[in-house]
Each structure stands twice: as structure tokens, then as C-alpha cells.
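Hi,

Here is the structure I said I would pass on. Have a look at it, and then read on for what turned up when I went through it.

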Amino acid sequence: MSSRCKFWLPKKRFCAIPPIANSEFCGNHSKRSDDVWILCSIDPSHSVLESNLESHLKRCPLLKHKNSLSLQPFYRKGINGGGEEDDHEGVTSESKRMAVQSMTEEPQLIKLIEKIKSVHDSVCKDILDSYIVPDACRSWIDRAIDWKIPFQEKHVIQQASILGNLEKLGALNSSSIGEQLHCNSPSADSPAVVEFGAGRGYLTQMLADCYGVSKVFLIERKSYKLKADRSLRQNESLILERLRIDIEDLNLNAIEALKGLPYLAIGKHLCGPATDMTIRCCVGEGVAKSSLRGLSIATCCHHLCQWKHYINKEFFLNLELTKDDFHAITWFTSWAVDADHSSDVADTNMDTVKDIGGGINMLARERADLGFMCKDIIDAGRLTWMRECGLESKLVKYVPSNISPENHLLIAKR
């Protein structure tokens, strides 16, 4: 008998609870007569028995939050989604994989790969390495200002470089760093900070400790334990608001406490379309762009990107790349992180040969190279869009790949 329940969760994994006697399922997911498990329509992250759905919908833990959120002035359903009604549910990774593997005619797939290489050579020339740990953050790391915050060096280094690149661009004032480290109070002209996909808020924690800010807005759709909020609230000179909302539905103009204030938009590892939604939220049509002082977003999970959300469709269309090509390119990006990037030592697995579909074989090394090219192209389109909106923008690799292969950073200032 299996040691794990055989119920397949919406999180794309099996339930970890051991099965009950004489069953392949745990007590929560055991099959009862003809009843079936379905996703909760309010919160698809969990499932319920179909027979219990009606009563569950009246007491779902997320119901109260959803009803309260709909009354907030800053909530506007789908405002940053891109405005397309087709593909309402998006294209799944499985669908992308099947589409690539269905390219049974060898010239079709080879032609797309050659097109990707050609486009990369023409539009991705100015992506530079920019690994910066500023003095203020170095002091923060050495002093370990608040040991109550979970400390993982690779994440702290990434946070420091995100802020260091924003400082180098001139969007973050470093004039009173030494003073901030001692008194932990903001200067008179310090901007507000909006952290998108904030999670536990540790990126903002470092920024507040090292540079000093007056107001902080943490945007996150999930609820987390061990947040930095408690530590941040101990700073009497800082005003903190945490908004539990999806970036897709956030009307930044309608946040009363942010109106008229200059602000920095930051985010560490904004997965897939969350990057596009964040850029649209800060710089899109109808947004008060004059308040944006700077933007620093670390992108990741390009395989989750969706055509309907992508910020610069014209970029792809002008390169004669179609919607289907875009989805194939997003699927190829998953190959970039297949390999072991944890050290500079050559990975022998990179010389293994794999079938990528259409009867075409590629070395794992070649697959990884192609995946990185695709990630570059997707972010180059975002960079182009921000420049067209009048922002002084750059796309850099903010940490070495052995710290994180997801090392792209979009930085901008007005």
C-alpha cells in the first residue's frame, strides 16, 4: 500500500497524508459512494465533496474577505489584466507542452528555433551583468539588524542587489544612509514604497532599515505567517498598510493614502504575468505616472506568462512572432532552469540528449541556452514597452546564475 494519499491536489501534487486502512485515500479524500471532489468556486486552492459544496460556499474562509474586498475603492476586477476576453482561463503549461510536441513536422520546429536565435541576436544586445551590494545593505547584512527575520544569504543578496541597482539608476536616494542605519527614520523627501507580490515583506524590510521610508504598502493576495510586518510596525516613523488583493485587480490611483505621493515600485520574483500586471498597474493607461519615482522588478517563472496579460504584444507581432509562437517560447523558458546552476563546475548532465518533439534531439546544454534566450526576449519586450512610456529603463542580470538562474531585473525611473 502507498504511503501517500492518491488524491491529486489543485497544487499539482498528491496529498501528503497517509491513506486510511484498505484505501488509497486519506480520511479527508476517501471516496464515498458516487461522491466526487471538486474545486471550491470561491477559492480554487482547496477542494470539497460535491455533496457538501452548497453548504461550504456559505462558510468558506475566503468568502468574508472576498465580500469585504469588493467594497474597497482600490478594487477593480481585472483592471491590470490586459483587457482581452478570450482565453479567460489562460493557456496551461500542459497545453503549451502538447502544442510544442505536436509540431511533428521537423522544419516547423527548427524554423521557430532559428527564428528565436535570430530575434535574440537583434533585440537582446544590451542585457548587462549588474551585481551590486550597496554599502548600506552590506552593513545591514553584517549587523543582522533583526535576527527575528529568517535569514537566508542567497535571498538577502538578491534583495540587496535589487535595491543597489535602483540606487545606481538614481531612483533611490543614498545621501543619508549612515544616518538611517542609526536612527531608522526617513528623510523629509523619502518616497513611499509599494512592494508587489510582497509575500512576507522582507525586501521592504531591508529597504526600510537601510534607506528609510515614510510609508509602505505591501501588495499580496495570499496570507502569510512570519511576516516582516511586526518588525516594520516597531518603527514609529513608518506607516504600513498590507493590502490582500490580486495585482490584476488593484487600482493604484484609488489608494487614498498613496494619492499625490512619490513612490517606488519594487518586487522580488514576480511570477509570470504578475510582472506584466505590475508594470500596467504603475505605468498603464489612466495611471498617474508622475508619482512613480522608480521601479525595480525581478522577473521569474516565464513559463507561466500568458498572451492575454503580456504587456507588449506589438513587440512580438512586429517581429513576426504569433500568439502560438509566444506560448511556445514561454514553454521553452522552462528549459533554462532544468540544469544545476548552484556552482560554476560543469554539469555532466548538460551533455545528455533529449527529444524535444518533432523527432528533434538536443543536448541539455542547448536546451538551457535556448530557454535563456526566450526569457531574454520576453523581458526585452517589457523593457521596450517601458521605454516607450517615457521611462529611463534597463534590463540587467542582478545576481550570478549560481545564486539564482532567475536573475533578470527590470529597473526604471522617470
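One aromatic cluster is made up of Trp307, Tyr310, Phe315, Phe316 and Phe326. Keep in mind that this is a predicted model. A search of the whole structure turns up 6 aromatic pairs. Tyrosine 310 and phenylalanine 316 make one of them, with ring centres 5.4 Å apart and 90° between the planes, an edge-to-face arrangement. Phenylalanine 316 also pairs with phenylalanine 315: here the centres are 5.9 Å apart and the planes meet at 70°, so this pair is edge-to-face as well. The cut-off behind that label is an angle over 60 degrees between the planes.

Are these rings buried or exposed? Phenylalanine 315 and phenylalanine 316 are both buried, and phenylalanine 316 comes out at a relative accessible area of 0%. Tyrosine 310 is at 1%, so it counts as buried too, given that the label applies under 20%.

Now the charged side chains. The structure holds 8 salt bridges, and three of them are worth going through one by one.

The first on my list joins aspartate 229 and arginine 242, whose closest N and O atoms are 2.7 Å apart. Aspartate 229 sits in helix α9 (residues 229-233) and arginine 242 in strand β6 (residues 239-243), so the salt bridge ties together parts of the chain that are 13 residues apart in sequence. How do the two partners compare in accessibility? Aspartate 229 is buried, at 6% relative accessibility, whereas arginine 242 is partly exposed, with a relative accessible area of 22%.

Next comes arginine 382 with aspartate 379, where the closest N and O atoms are 2.8 Å apart. These two belong to helix α13 (residues 364-388) and are 3 residues apart, which puts about one helical turn between them. Both arginine 382 and aspartate 379 are buried. They are also part of something wider: a network of salt bridges links Asp276, Asp379 and Arg382.

The last one is lysine 413 with glutamate 392, with 4.0 Å between the closest N and O atoms. This pair links distant parts of the chain, 21 residues apart: lysine 413 is in strand β12 (residues 408-413) and glutamate 392 is in strand β11 (residues 392-397). Lysine 413 is partly exposed, at a relative accessible area of 21%, and glutamate 392 is partly exposed at 43%.

Finally, some totals for the chain as a whole. The protein chain has 13 helices and 12 strands. Of its 414 residues, 50% are buried. If you take the contacts between residues at least 6 apart in sequence, 68% of them join residues at least 24 apart. The accessible surface comes to about 20,700 Å², and carbon and sulfur atoms account for 50% of that.

If you want a place to begin, open the aromatic cluster of Trp307, Tyr310, Phe315, Phe316 and Phe326, then go on to the network of Asp276, Asp379 and Arg382.

Cheers

Conventions
Residues numbered from 1 in each chain as written. Predicted model: local features only at pLDDT ≥ 70, side-chain atom pairs only at ≥ 80, totals over all residues. Heavy atoms only, no water. Phe/Tyr/Trp six-rings, centres within 6.5 Å; stacked < 30°, edge-to-face > 60°. Buried < 20%, exposed > 50% of the residue type's maximum accessible area, 1.4 Å probe, protein only. Helix = DSSP H or I, 4+ residues; strand = E, 2+ residues; numbered from the N terminus. Contact = heavy atoms within 4.5 Å. Areas by Shrake-Rupley, 256 points an atom, 1.4 Å probe, with all protein chains shown as cover.
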